[in-house]
Amino acid sequence: MATDEPHVSAPYDAIPPALWLIALCSLAPFPLAAVAYGWGSPEVARPALTVILNWSGCVLAFLGGVRWGLESGRPKPRPARLLISVLSPVVAWAILFSRHRIPDGWIIGGCIGAFLVQWLFDHQAPDVPARYPRLSTALTAGACISLAVCLDQALKTGHV
């Protein structure tokens, strides 16, 4: 039975191992692509940047969908929160659409900013399962650290 009451905070170990495994697997493209872009040959680096940017768009859209699902499952969904959850994939699309129109450094920085804004939004969200902010922190940290490696490389190579 759904209520508008906040979920009871569960202990940290309440996140099932399978959920952690899936979350960590979804993170794998980030460090793999970052290493390839940061230290790979030019033939490897350029496609690796495409991989990490496209994967960033997918994960940003996925996280927006998770928020949509959490909010739409409420007895009285809040329209503003539904609208904000739809903005995540729109922002991801806009960032990806900007590729090859503005320098890579700005695109990478836009992805980092989008992940951080989404993380802040997730952490002030009322009425979510206690495990959600922890999982979102793990995804955001993995994505942002990997994107920061790419941003560093873009700054060094002048692709800003």
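**Group meeting: a cavity, a pocket and a core in a predicted model**

Good morning. I begin with the lining of the largest cavity, which is formed by Arg 67, Leu 70, Glu 71, Arg 74, Arg 78, Arg 81, Phe 121, Ala 125, Pro 126, Asp 127 and Val 128. Please bear in mind throughout that this is a predicted model.

How many cavities of 30 Å³ or more does a search of the whole structure find? The search returns 1. The volume of the largest cavity is about 90 Å³. Sorted by class, its lining holds 6 charged residues and 5 nonpolar ones, with no polar residues. Helix α3 is the main contributor to this lining, giving 3 residues.

One of the lining residues, Glu 71, merits a closer look. Glu 71 sits in helix α3. Is Glu 71 buried or exposed? Its relative accessibility is 5%, and therefore Glu 71 counts as buried, the cut-off for that class being under 20%. A polar atom of the Glu 71 side chain lies 2.7 Å from the backbone nitrogen of Arg 78. With neighbours within four places in sequence set aside, the contacts of Glu 71 are Lys 76, Pro 77, Arg 78, Arg 81 and Leu 82. Arg 78 and Arg 81 appear both among these contacts and in the cavity lining.

I turn next to the largest pocket. The space in this pocket comes to about 350 Å³. Its lining numbers 17 residues, and those nearest the centre are Leu 19, Phe 62, Val 66, Leu 135 and Leu 139. Two or more lining residues come from each of α1, which spans 17-27, α3 and α6. Of these, α3 supplies the largest share, 7 residues. What is the make-up of the pocket lining by class? There are 14 nonpolar residues, 2 polar and 1 charged.

The third topic is the packing of the interior. The largest nonpolar core has 28 residues, and the members that touch the most others are Ile 52, Leu 53, Ile 108, Phe 115 and Leu 147. Five stretches each give two or more residues to this core: α2 (29-39), α3 (42-72), α4 (79-97), α5 (104-123) and α6 (131-157). Helix α3 gives the most here, with 8 residues. As a worked example, take Leu 53. Beyond four places in sequence, Leu 53 touches Leu 96, Arg 99, Ile 107, Ile 108, Cys 111 and Leu 147. Two of these contacts, Ile 108 and Leu 147, also stand among the core members that touch the most others.

Two further residues deserve mention. Trp 68 belongs to helix α3. Why does Trp 68 count as partly exposed? Trp 68 falls in that class because its relative accessibility is 39%, a value between the limits of 20% and 50%. Residues up to four places away being left out, Trp 68 touches Leu 82, Ser 85 and Val 86. Leu 82 is also a contact of Glu 71. From Trp 68 to Thr 157, 89 residues along the chain, the C-alpha atoms are 39 Å apart.

Finally, His 100 lies in the loop between α4 and α5. Although it is not a glycine, His 100 has a positive phi of about 70°. With a relative accessibility of 66%, His 100 counts as exposed.

To close, helix α3 recurs in each topic: it gives the most to the cavity lining, the largest share of the pocket lining and the most to the nonpolar core. Thank you.

How values were computed
Residues numbered from 1 in each chain as written. Predicted model: local features only at pLDDT ≥ 70, side-chain atom pairs only at ≥ 80, totals over all residues. Heavy atoms only, no water. Core = buried A, V, L, I, M, F, W, Y, C linked by side-chain atoms within 4.5 Å. Buried < 20%, exposed > 50% of the residue type's maximum accessible area, 1.4 Å probe, protein only. Helix = DSSP H or I, 4+ residues; strand = E, 2+ residues; numbered from the N terminus. Contact = heavy atoms within 4.5 Å. Polar contact = N/O pair within 3.5 Å; in protein donor to acceptor, adjacent residues only side chain to side chain. 1 Å grid on protein atoms, 1.4 Å probe; cavity = no way out; pocket = protein on both sides within 12 Å on 5 of 7 lines; lining within 4 Å. Points joined across faces, edges and corners; volume = space filled by probe spheres on them. Nonpolar A, V, L, I, M, F, W, Y, C, P; charged D, E, K, R; others polar.
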